[in-house]
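Here are my notes on the model, set out as numbered points. Please read them with the structure open.

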Amino acid sequence: MDDLGVAVVIEDDADVRNLLEGVLSQAGFEVHTAVDGRAGVEVVRSKQANVVTLDIGLPDIDGFEVLRRIRNFSNAYVVMLTGRTEEPDLLSALNAGADDYIAKPFRPRELRARVAAMMRRPRHEITGQKPAPAGWGTAPATAVRAEDAAVLQHNGLELNHRTRTVEVSGEPLTLTRSEFDLLHVLLRGAGAVCTRADLVRAVRGDFYDEDTYISEADERAVEVHIGNLRRKLKEDPVSPRWLQTVRGVGYRLAPSRQDAPQG
(Lines give C-alpha, C1' and ligand atoms only; values in the text may rest on other atoms or scores of the structure.)
Protein backbone atom coordinates (compact mmCIF):
# COMPACT_ATOMS: atom_id res chain seq x y z
CA MET A 1 0.00 0.00 0.00
CA ASP A 2 2.25 2.80 -1.26
CA ASP A 3 1.44 6.37 -2.27
CA LEU A 4 -2.21 6.14 -1.26
CA GLY A 5 -2.73 9.88 -1.09
CA VAL A 6 -3.48 12.12 1.88
CA ALA A 7 -4.82 11.03 5.26
CA VAL A 8 -5.97 13.48 7.93
CA VAL A 9 -6.14 12.48 11.61
CA ILE A 10 -8.54 14.57 13.73
CA GLU A 11 -7.86 13.53 17.32
CA ASP A 12 -7.25 15.48 20.54
CA ASP A 13 -5.53 12.68 22.47
CA ALA A 14 -1.81 12.95 21.70
CA ASP A 15 -1.06 9.24 22.20
CA VAL A 16 -3.91 8.10 19.94
CA ARG A 17 -3.05 10.78 17.39
CA ASN A 18 0.58 9.67 17.24
CA LEU A 19 -0.47 6.02 16.89
CA LEU A 20 -2.86 6.83 14.03
CA GLU A 21 -0.24 8.95 12.30
CA GLY A 22 2.28 6.12 12.52
CA VAL A 23 -0.11 3.44 11.24
CA LEU A 24 -1.25 5.51 8.27
CA SER A 25 2.26 6.67 7.41
CA GLN A 26 3.50 3.08 7.39
CA ALA A 27 0.57 2.17 5.14
CA GLY A 28 1.74 4.69 2.53
CA PHE A 29 -0.24 7.86 3.25
CA GLU A 30 0.94 11.45 3.52
CA VAL A 31 -0.48 12.21 6.97
CA HIS A 32 -1.63 15.52 8.46
CA THR A 33 -3.14 15.97 11.91
CA ALA A 34 -5.48 18.30 13.79
CA VAL A 35 -6.29 18.45 17.50
CA ASP A 36 -9.83 19.84 17.25
CA GLY A 37 -12.80 19.75 14.93
CA ARG A 38 -12.68 23.18 13.33
CA ALA A 39 -9.00 22.86 12.52
CA GLY A 40 -9.62 19.36 11.20
CA VAL A 41 -12.24 20.57 8.74
CA GLU A 42 -9.82 23.12 7.33
CA VAL A 43 -6.98 20.59 7.06
CA VAL A 44 -9.26 18.18 5.18
CA ARG A 45 -10.24 21.03 2.86
CA SER A 46 -6.75 22.43 2.24
CA LYS A 47 -4.99 19.08 1.86
CA GLN A 48 -7.80 17.47 -0.19
CA ALA A 49 -7.81 14.39 1.99
CA ASN A 50 -8.49 10.92 0.64
CA VAL A 51 -8.99 9.36 4.09
CA VAL A 52 -10.00 10.91 7.42
CA THR A 53 -9.95 9.38 10.88
CA LEU A 54 -12.29 11.33 13.12
CA ASP A 55 -12.73 11.14 16.88
CA ILE A 56 -16.29 11.67 18.08
CA GLY A 57 -15.32 13.40 21.33
CA LEU A 58 -13.44 16.56 20.34
CA PRO A 59 -12.86 19.61 22.56
CA ASP A 60 -14.67 22.19 20.41
CA ILE A 61 -17.35 20.60 18.20
CA ASP A 62 -18.23 16.93 18.21
CA GLY A 63 -17.25 14.50 15.48
CA PHE A 64 -20.77 14.32 14.07
CA GLU A 65 -20.77 18.04 13.32
CA VAL A 66 -17.24 17.82 11.91
CA LEU A 67 -18.37 15.03 9.60
CA ARG A 68 -21.39 17.01 8.41
CA ARG A 69 -19.14 19.95 7.56
CA ILE A 70 -16.63 17.72 5.75
CA ARG A 71 -19.41 16.16 3.69
CA ASN A 72 -20.35 19.61 2.38
CA PHE A 73 -17.19 19.67 0.25
CA SER A 74 -15.42 16.31 0.42
CA ASN A 75 -16.17 12.70 -0.42
CA ALA A 76 -13.13 11.37 1.43
CA TYR A 77 -13.38 8.03 3.16
CA VAL A 78 -14.16 8.72 6.83
CA VAL A 79 -13.70 6.26 9.68
CA MET A 80 -14.98 7.46 13.04
CA LEU A 81 -13.22 6.50 16.27
CA THR A 82 -15.40 6.13 19.33
CA GLY A 83 -15.50 4.56 22.75
CA ARG A 84 -19.27 4.34 22.40
CA THR A 85 -21.09 1.77 20.27
CA GLU A 86 -24.70 2.46 21.29
CA GLU A 87 -27.16 2.51 18.41
CA PRO A 88 -27.90 6.28 18.56
CA ASP A 89 -24.19 7.02 18.10
CA LEU A 90 -23.86 4.56 15.22
CA LEU A 91 -27.01 5.96 13.63
CA SER A 92 -25.72 9.51 13.89
CA ALA A 93 -22.34 8.57 12.41
CA LEU A 94 -23.74 6.60 9.49
CA ASN A 95 -26.46 9.13 8.72
CA ALA A 96 -23.88 11.93 8.72
CA GLY A 97 -21.89 10.10 6.06
CA ALA A 98 -19.27 7.97 7.83
CA ASP A 99 -17.92 5.04 5.82
CA ASP A 100 -16.90 3.03 8.88
CA TYR A 101 -16.35 3.25 12.62
CA ILE A 102 -13.96 1.58 15.01
CA ALA A 103 -14.16 1.38 18.80
CA LYS A 104 -11.35 2.43 21.10
CA PRO A 105 -9.06 0.86 22.08
CA PHE A 106 -8.29 -0.52 18.63
CA ARG A 107 -5.56 -2.69 17.14
CA PRO A 108 -3.38 -0.97 14.53
CA ARG A 109 -3.77 -3.99 12.24
CA GLU A 110 -7.55 -3.70 12.41
CA LEU A 111 -7.49 -0.01 11.56
CA ARG A 112 -5.18 -0.59 8.61
CA ALA A 113 -7.38 -3.44 7.34
CA ARG A 114 -10.55 -1.35 7.70
CA VAL A 115 -9.00 1.51 5.71
CA ALA A 116 -7.81 -0.91 3.01
CA ALA A 117 -11.32 -2.40 2.75
CA MET A 118 -12.90 1.06 2.45
CA MET A 119 -10.54 2.09 -0.31
CA ARG A 120 -11.48 -0.89 -2.45
CA ARG A 121 -14.96 0.59 -2.76
CA PRO A 122 -15.94 3.44 -5.13
CA ARG A 123 -15.36 6.93 -3.76
CA HIS A 124 -18.73 8.39 -4.69
CA GLU A 125 -22.28 8.32 -3.42
CA ILE A 126 -24.50 5.92 -5.33
CA THR A 127 -27.10 7.66 -7.47
CA GLY A 128 -29.65 6.58 -10.01
CA GLN A 129 -27.92 8.34 -12.88
CA LYS A 130 -27.05 6.05 -15.80
CA PRO A 131 -23.55 6.55 -17.19
CA ALA A 132 -23.51 3.07 -18.71
CA PRO A 133 -21.98 2.72 -22.19
CA ALA A 134 -24.26 1.92 -25.11
CA GLY A 135 -25.03 -1.76 -25.42
CA TRP A 136 -25.19 -2.54 -21.70
CA GLY A 137 -28.44 -4.38 -21.27
CA THR A 138 -31.20 -4.14 -18.70
CA ALA A 139 -32.37 -7.73 -18.80
CA PRO A 140 -34.06 -9.15 -15.71
CA ALA A 141 -31.83 -10.96 -13.25
CA THR A 142 -33.47 -14.22 -14.24
CA ALA A 143 -31.79 -14.02 -17.66
CA VAL A 144 -28.43 -15.02 -16.13
CA ARG A 145 -27.21 -16.23 -12.78
CA ALA A 146 -27.86 -13.54 -10.16
CA GLU A 147 -24.26 -13.56 -8.96
CA ASP A 148 -23.04 -12.84 -12.51
CA ALA A 149 -25.63 -10.28 -13.61
CA ALA A 150 -24.59 -6.67 -14.17
CA VAL A 151 -28.24 -5.63 -13.78
CA LEU A 152 -30.54 -7.06 -11.13
CA GLN A 153 -34.26 -6.30 -11.14
CA HIS A 154 -36.92 -7.02 -8.55
CA ASN A 155 -40.41 -5.60 -8.03
CA GLY A 156 -39.70 -2.42 -9.99
CA LEU A 157 -36.20 -1.90 -8.54
CA GLU A 158 -33.19 -2.03 -10.86
CA LEU A 159 -29.59 -2.23 -9.64
CA ASN A 160 -26.63 -2.03 -12.01
CA HIS A 161 -23.55 -3.37 -10.24
CA ARG A 162 -21.07 -2.19 -12.88
CA THR A 163 -22.23 1.41 -12.85
CA ARG A 164 -23.35 1.21 -9.19
CA THR A 165 -26.67 2.83 -9.99
CA VAL A 166 -30.13 2.13 -8.59
CA GLU A 167 -33.58 3.06 -9.86
CA VAL A 168 -37.06 2.39 -8.50
CA SER A 169 -39.80 2.42 -11.14
CA GLY A 170 -37.47 4.45 -13.36
CA GLU A 171 -36.66 7.05 -10.67
CA PRO A 172 -33.06 7.37 -9.42
CA LEU A 173 -32.35 6.36 -5.83
CA THR A 174 -29.41 7.85 -3.93
CA LEU A 175 -27.64 5.35 -1.66
CA THR A 176 -24.46 5.35 0.36
CA ARG A 177 -21.72 2.85 -0.46
CA SER A 178 -22.77 0.56 2.39
CA GLU A 179 -26.47 0.72 1.50
CA PHE A 180 -25.69 -0.19 -2.11
CA ASP A 181 -23.51 -3.15 -1.07
CA LEU A 182 -26.20 -4.50 1.26
CA LEU A 183 -28.92 -4.15 -1.36
CA HIS A 184 -26.71 -5.86 -3.94
CA VAL A 185 -26.07 -8.84 -1.63
CA LEU A 186 -29.78 -9.25 -0.90
CA LEU A 187 -30.70 -9.06 -4.60
CA ARG A 188 -28.03 -11.62 -5.45
CA GLY A 189 -29.46 -13.89 -2.75
CA ALA A 190 -32.73 -14.07 -4.73
CA GLY A 191 -34.79 -14.69 -1.60
CA ALA A 192 -32.26 -16.68 0.44
CA VAL A 193 -31.86 -15.52 4.03
CA CYS A 194 -28.79 -13.37 4.68
CA THR A 195 -27.75 -13.37 8.32
CA ARG A 196 -26.63 -10.18 10.00
CA ALA A 197 -23.11 -11.62 10.06
CA ASP A 198 -23.30 -12.20 6.28
CA LEU A 199 -24.26 -8.59 5.79
CA VAL A 200 -21.54 -7.32 8.11
CA ARG A 201 -19.01 -9.13 5.91
CA ALA A 202 -20.59 -7.57 2.81
CA VAL A 203 -20.05 -4.09 4.24
CA ARG A 204 -16.66 -4.70 5.81
CA GLY A 205 -15.04 -6.49 2.88
CA ASP A 206 -12.10 -8.86 3.09
CA PHE A 207 -11.19 -7.98 6.68
CA TYR A 208 -14.13 -10.03 7.94
CA ASP A 209 -13.45 -13.63 6.99
CA GLU A 210 -15.73 -16.53 7.89
CA ASP A 211 -13.96 -17.11 11.20
CA THR A 212 -13.74 -13.44 12.23
CA TYR A 213 -15.66 -12.44 15.35
CA ILE A 214 -18.68 -10.27 14.55
CA SER A 215 -19.55 -7.86 17.35
CA GLU A 216 -22.98 -6.67 18.45
CA ALA A 217 -21.97 -3.19 17.32
CA ASP A 218 -21.27 -4.53 13.82
CA GLU A 219 -24.72 -6.13 13.67
CA ARG A 220 -26.40 -2.98 14.98
CA ALA A 221 -24.69 -0.99 12.23
CA VAL A 222 -26.20 -3.34 9.64
CA GLU A 223 -29.62 -2.79 11.20
CA VAL A 224 -29.09 0.96 10.88
CA HIS A 225 -28.18 0.60 7.20
CA ILE A 226 -31.23 -1.60 6.55
CA GLY A 227 -33.44 0.95 8.30
CA ASN A 228 -32.04 3.71 6.10
CA LEU A 229 -32.59 1.59 3.00
CA ARG A 230 -36.21 0.99 3.96
CA ARG A 231 -36.74 4.69 4.53
CA LYS A 232 -35.29 5.60 1.13
CA LEU A 233 -37.29 2.85 -0.58
CA LYS A 234 -40.45 4.02 1.25
CA GLU A 235 -41.13 0.45 2.27
CA ASP A 236 -44.55 -0.51 3.64
CA PRO A 237 -43.71 -2.05 7.05
CA VAL A 238 -46.78 -4.29 6.88
CA SER A 239 -46.23 -5.55 3.33
CA PRO A 240 -42.64 -4.81 2.26
CA ARG A 241 -41.87 -4.87 -1.46
CA TRP A 242 -38.12 -5.48 -1.18
CA LEU A 243 -36.68 -6.15 2.29
CA GLN A 244 -38.13 -8.70 4.67
CA THR A 245 -36.94 -9.27 8.23
CA VAL A 246 -36.37 -12.86 9.32
CA ARG A 247 -36.70 -12.50 13.07
CA GLY A 248 -33.69 -13.55 15.06
CA VAL A 249 -31.68 -14.33 11.91
CA GLY A 250 -31.37 -11.52 9.38
CA TYR A 251 -33.01 -10.37 6.16
CA ARG A 252 -34.07 -11.60 2.73
CA LEU A 253 -35.58 -10.29 -0.48
CA ALA A 254 -39.38 -10.07 -0.48
CA PRO A 255 -41.25 -12.34 -2.96
CA SER A 256 -41.85 -11.12 -6.50
CA ARG A 257 -45.08 -9.28 -7.19
CA GLN A 258 -47.17 -9.45 -10.33
CA ASP A 259 -48.00 -5.73 -10.11
CA ALA A 260 -44.37 -4.61 -10.14
CA PRO A 261 -42.99 -3.33 -13.46
CA GLN A 262 -39.82 -5.13 -14.55
CA GLY A 263 -38.62 -2.93 -17.37
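**Notes on the predicted model**

1. Start with helix α2, residues 37–47. Its buried residues are G37, G40, V41, V43 and V44. These residues span an arc of only 165° around the axis, so they sit on the same side of α2. An α-helix has 3.6 residues a turn, so residues three or four places apart point the same way. What covers this buried set? The cover includes β1, β2, β3 and α3 (63–71). Keep in mind throughout that this is a predicted model.

2. Now look at the two ends of α2. D36 caps the N-terminal end. One of its side-chain oxygens lies 3.4 Å from the backbone nitrogen of R38. Just after α2 comes Q48, with a positive phi of about 50°. Q48 is a residue other than glycine. It belongs to the loop between α2 and β3. Is Q48 buried or exposed? Its relative accessible area is 65%, so Q48 counts as exposed.

3. Next, the sheet. Five strands make an open sheet, and their pairing is parallel. In what order do the strands lie? The order is β2-β1-β3-β4-β5. The edges are β2 (29–34) and β5 (100–103), each of which pairs on one side only. From one strand to the next, the twist averages 20°. Strands of a sheet pair through backbone hydrogen bonds, either parallel or antiparallel.

4. One pair in this sheet can be followed residue by residue. β1 covers residues 5–10 and β3 covers residues 51–55. They pair in the parallel sense over four bridges. Which residue of β3 is the bridge partner of I10? It is L54.

5. Helix α1 (residues 14–27) lies across four strands: β1, β2, β3 and β4 (77–82). Its direction is at about 165° to β2.

6. Check the peptide bond between K104 and P105. It is cis, with omega at about -5°. Where is P105? It sits in the loop between β5 and α5 (108–119). Recall that β5 is one of the edge strands of the open sheet.

7. The second region to inspect is a hairpin formed by β6 and β7. β6 is residues 151–154, and β7 is residues 157–160. The two pair in the antiparallel sense over four bridges. V151 has N160 as its bridge partner in β7. Two residues lie between the strands.

8. The turn of this hairpin deserves a look. N155 lies in the loop between β6 and β7. Its phi is positive, about 50°, although N155 is not a glycine. Is N155 buried or exposed? The cut-off for buried is under 20% relative accessible area. N155 has 2%, so it is buried. Compare Q48, whose phi is also near 50° but which is exposed at 65%.

9. Strand β6 is covered on both faces. V151 and Q153 are on one side, L152 and H154 on the other, and all are buried. In a regular strand the side chains alternate between the two faces of the sheet.

10. Q153 is worth a separate point. This residue lies in strand β6. Its relative accessible area is 11%, so it counts as buried. What does its side chain contact? A polar contact of 2.7 Å joins it to the side chain of E158.

11. Past the hairpin, find R162. It is in the loop between β7 and β8 (165–168). R162 has 56% relative accessibility, so it counts as exposed. Along the chain, R162 and V151 are 11 residues apart. Their C-alpha atoms are separated by 8.0 Å.

12. Finally, the whole chain. The secondary structure comes to eight helices and 12 strands. How much of the chain is buried? Buried residues make up 49% of the 263 residues. Of the contacts with a separation of 6 or more, 62% are between residues 24 or more positions apart. The chain exposes about 12,600 Å², with 47% of that area supplied by carbon and sulfur atoms.

How values were computed
Residues numbered from 1 in each chain as written. Predicted model: local features only at pLDDT ≥ 70, side-chain atom pairs only at ≥ 80, totals over all residues. Heavy atoms only, no water. Pairing = 2+ DSSP bridges. Axes fitted to C-alpha atoms, helices over the stretch in contact; angles between N-to-C directions. Contact = heavy atoms within 4.5 Å. Buried < 20%, exposed > 50% of the residue type's maximum accessible area, 1.4 Å probe, protein only. Areas by Shrake-Rupley, 256 points an atom, 1.4 Å probe, with all protein chains shown as cover. Arc of directions from axis to C-beta. Polar contact = N/O pair within 3.5 Å; in protein donor to acceptor, adjacent residues only side chain to side chain.
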